[in-house]
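The exercises below are meant to be worked through with the structure open, each one being followed by a solution that goes step by step.

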Amino acid sequence: MTTRSDAAAGHLQPVIGVSITQFSVIHALMSGLYDGVFPASQVLSAGDFGLGCGHALNGELVFVDGQIFRCTSDGSVSRVDESERVPFAEVSVFAPTLSMPLGGSGPLDRAGFESLVGSLLPSRNLFYAIRVDGDFDRMLVREPIRQHHPFRPLIEVMRAQNESELGRTSGSLIGFWAPSIYQGISVAGFHLHYLDDGRSVGGHSLDYLIASGTLTMQAMSSLTVRLPHTPEFAGADFESIDDDLAIRRVEQSRAPLR
Ligand SMILES: [Zn+2]
């Protein structure tokens, strides 16, 4: 009988020189700043792994193995052209230092997975890149509806988000865990996007059941934040956002403020 930590191969000490680069901040999205600012090629030069959202909230983005995929509200997936500008992205170079099989003692739901990952963290004050490649008994994803000017705040827009229950699927969860003090800059806790192996379905992951798979992770102690050089960003009022509650509703709950 092995314990959970025995099953993990490797360690989670941050490597010098491996960092998260974030383009814009979550507060900017909360405020309705959905226009693309950063060329996808510029984002990719900072990392081959991560997540983001498309121009005008046109889809959730998944950066995997150096390619960018857009999961849109019509349920389709397409490649993102490197010349497209994105309003928000969070990427890193992915060089995992820990690997662990999942599902050996039965399916793992989201709460079980999050508590397992939580038990592996050497510190809750660092950042972690997280990837699960595996078979899922179910996967609930959401994609926002593409917006048009004038943009409304995210919490209003997400009332009409598209949610899809994918059922059985094989693919990858890709994303990050961030300490709670970064809520508003980033998303505190887990933020994972899903893309299936066939690159045909995906989105922001809301809930799932892992049948079997492999968890790979790396720790990071460095965060670079690139802020937009736009009049909209310069003039936005971030101080009036009830950030924690609003962000949790937008990023984590299934039915935000109906
Ligand atoms: Zn997301």
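**Exercise 1.** How many bridges join S4 to strand S9 (residues 88-92), and do the two run parallel or antiparallel?

*Solution.* Keep in mind throughout that this is a predicted model. Begin with the pairing itself: S4 and S9 are joined by five bridges, and the two strands run antiparallel. A position to look for in this pairing is Cys53, which stands opposite Phe88 in S9. Then turn to S5, with which S4 also pairs in the antiparallel sense, here over four bridges, and where Leu61 is the residue opposite Gly52. Finally, follow the hairpin of S4 and S5, where six residues lie between the strands and Ala56 takes a positive phi near 60°.

**Exercise 2.** Determine which residues lie on each side of S4, and whether these faces are covered.

*Solution.* Start from a general rule: in a regular strand the side chains alternate between the two faces of the sheet. In S4, Phe49, Leu51 and Cys53 are on one side, while Gly50 and Gly52 are on the other. Both of these faces are covered, each of the residues just named being buried. The strand as a whole is accordingly described as mostly covered, with five of its five residues buried.

**Exercise 3.** Find how many disulfides the structure holds, and explain the result for Cys53.

*Solution.* A search of the whole structure finds zero disulfides. To see why, take the sulfur of Cys53 and look for its closest cysteine sulfur, which belongs to Cys71 and is 12 Å away, too far for a bond, because a disulfide needs the two sulfur atoms within 2.5 Å. Cys71, for its part, is in no disulfide, the nearest cysteine sulfur being that of Cys53. Both residues are nevertheless inside the protein by the accessibility criterion, as Cys53 counts as buried at 5% relative accessibility, and Cys71 is buried with a relative accessible area of 0%.

**Exercise 4.** Identify the protein donors of the zinc ion and place them along the chain.

*Solution.* The donors are His191 and His193, each through NE2, and His204, through ND1, and they lie 2.1 Å from the zinc ion. Their spacing in sequence is H-x1-H-x10-H. Next, assign strands: His191 belongs to strand S15 (residues 189-196) and His204 to strand S16 (residues 202-220), so that this pair, 13 residues apart, links distant parts of the chain. As a last step, check accessibility: His191 is buried with a relative accessible area of 6%, and His204 is buried with one of 2%.

**Exercise 5.** Describe the largest nonpolar core and the surroundings of Met30.

*Solution.* The largest nonpolar core has 35 residues, and those with the most contacts inside it are Met30 and Leu154. Among the elements that each supply at least two residues of this core are helix H2 (26-30), strand S4 (49-53), helix H5 (154-157) and helix H7 (243-251). Leaving out residues up to four places away in sequence, Met30 touches Pro153, Leu154, Ile241, Ala246, Ile247 and Val250. Another core lies apart from the largest one and has 28 residues, among them Phe136, Trp177, Ile210 and Leu215.

**Exercise 6.** Judge whether the radius of gyration agrees with that of a compact globule.

*Solution.* For 258 residues a compact globule would have a radius of gyration near 18 Å, and the protein has 17 Å, which agrees. Of the 258 residues, 52% count as buried.

Technical notes: Residues numbered from 1 in each chain as written. Predicted model: local features only at pLDDT ≥ 70, side-chain atom pairs only at ≥ 80, totals over all residues. Heavy atoms only, no water. Donors = N, O, S within 2.8 Å, 3.2 Å for Na, K, Ca; no water. Buried < 20%, exposed > 50% of the residue type's maximum accessible area, 1.4 Å probe, protein only. Core = buried A, V, L, I, M, F, W, Y, C linked by side-chain atoms within 4.5 Å. Contact = heavy atoms within 4.5 Å. Pairing = 2+ DSSP bridges. Rg over C-alpha atoms; globule rule 2.2 N^0.38 Å.
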